Amino acid sequence: MPSAVARPDIVKKRTKKFGRHHGGRFLRMGLSWRRPRGIDSRVRRRYRGAPKTPKIGYGSDNKTKHLDPAGFYRFLVKNKEELEVLLMHNRQFAAEIAHSVGAKARKEIVERAAQLNIKVTNGAARLRKEENE
């Protein structure tokens with residue numbers, strides 16, 4: 001397997017998700033973030049002790065944005081011909097097989113990736129072990 005190119009450490013400024021204000025209090029409200037718009041909302045007015053709101057400052061560093069923990073960018077592959085694109089970039093990009101690809105084509109993609117020395121992030125998915133008879 002190829003190793004990733006040297007890169008700075010990935011620093012996440014915040015790993016906790018931003019939740020919707022009162023999202024856990026009422027069943028009718030989901031937990032995913034929605035901006036508070038009420039005229040008296042303490043979250044909108046950023047009172048001390050109120051939940052934090054998403055801001056541009058929480059964004060990732062551009063050098064490490066979209067990198068997986070191994071240090072690769074992901075490239076979606078739908079057939080084995082698309083692996084040829086990664087031939088010269090196998091230390092920077094890793095192939096990720098699309099969810100719509102069947103087991104037979106997956107096996108071909110994984111075999112071709114091994115020949116080209118390309119890392120496949122989900123290479124073991126939908127592959128059964130061969131039965132020994």
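In the predicted model, a positive surface patch is formed by Arg-35, Arg-37, Arg-44, Arg-45, Arg-46, Lys-52 and Lys-55. Of these residues, Lys-55 is placed in the segment before strand 1. Lys-55 has a relative accessibility of 40% and therefore counts as partly exposed, since that class lies between the limits of under 20% for buried and over 50% for exposed residues.

With regard to secondary structure, the protein chain contains 1 helix and 2 strands, and these elements follow one another in the order β-β-α from the N terminus on. Strand 1 comprises residues 73-77 and strand 2 comprises residues 93-97, while helix 1 covers residues 103-116.

The overall dimensions of the protein chain were also computed. The radius of gyration of the protein chain is 22 Å, whereas a compact globule of 133 residues would have a value near 14 Å. Along the principal axes, the C-alpha trace of the protein chain extends over about 70 × 40 × 25 Å. As for burial, 23% of the 133 residues of the protein chain count as buried.

Charged side chains also take part in pairing, and the structure holds 2 salt bridges. One of them joins Arg-74 to Glu-96, with a separation of 3.4 Å between the closest N and O atoms. This pair links distant parts of the chain, given that Arg-74 belongs to strand 1 and Glu-96 to strand 2, with their positions 22 residues apart in the numbering. Glu-96 has a relative accessibility of 24% and so counts as partly exposed, the upper limit for a buried residue being under 20%.

The other salt bridge is formed by Glu-84 and Arg-112, whose closest N and O atoms are 3.1 Å apart. Because Glu-84 lies in the loop between strand 1 and strand 2, and Arg-112 in helix 1, this pair ties together parts that are 28 residues apart in sequence. Both partners can be placed in the partly exposed class: Glu-84 counts as partly exposed because its relative accessibility is 36%, and Arg-112 likewise counts as partly exposed, with a relative accessibility of 26%.

Taken together, the salt bridges connect strand 1 with strand 2 through Arg-74 and Glu-96, and the loop between these strands with helix 1 through Glu-84 and Arg-112.

How values were computed:
Residues are numbered from 1 along each chain as its sequence is written. This is a predicted model: local features need pLDDT of at least 70, side-chain atom pairs count only at pLDDT 80 or more; totals for chains, interfaces and linings use all residues. Side-chain values use heavy atoms; hydrogens and water are left out. A salt bridge is a side-chain nitrogen of Lys or Arg within 4 Å of a carboxyl oxygen of Asp or Glu. Helices (H or I, at least four residues) and strands (E, at least two) are DSSP runs, numbered from the N terminus. Buried means under 20% relative accessible area, exposed over 50%, partly exposed in between (1.4 Å probe, protein chains only). Patches are made of residues with over 30% relative accessible area and no salt bridge: like charges are joined within 9 Å, nonpolar side chains (Val, Leu, Ile, Met, Phe, Trp, Tyr) within 5 Å. Accessible areas come from the Shrake-Rupley method with a 1.4 Å probe; for residues, only the protein chains shown count as cover. Lys and Arg count as positive and Asp and Glu as negative; His and the chain ends are not counted. The place of a charge is taken as NZ of Lys, CZ of Arg, CG of Asp or CD of Glu. The radius of gyration is taken over C-alpha atoms; the globule rule is 2.2 Å times the number of residues to the power 0.38.
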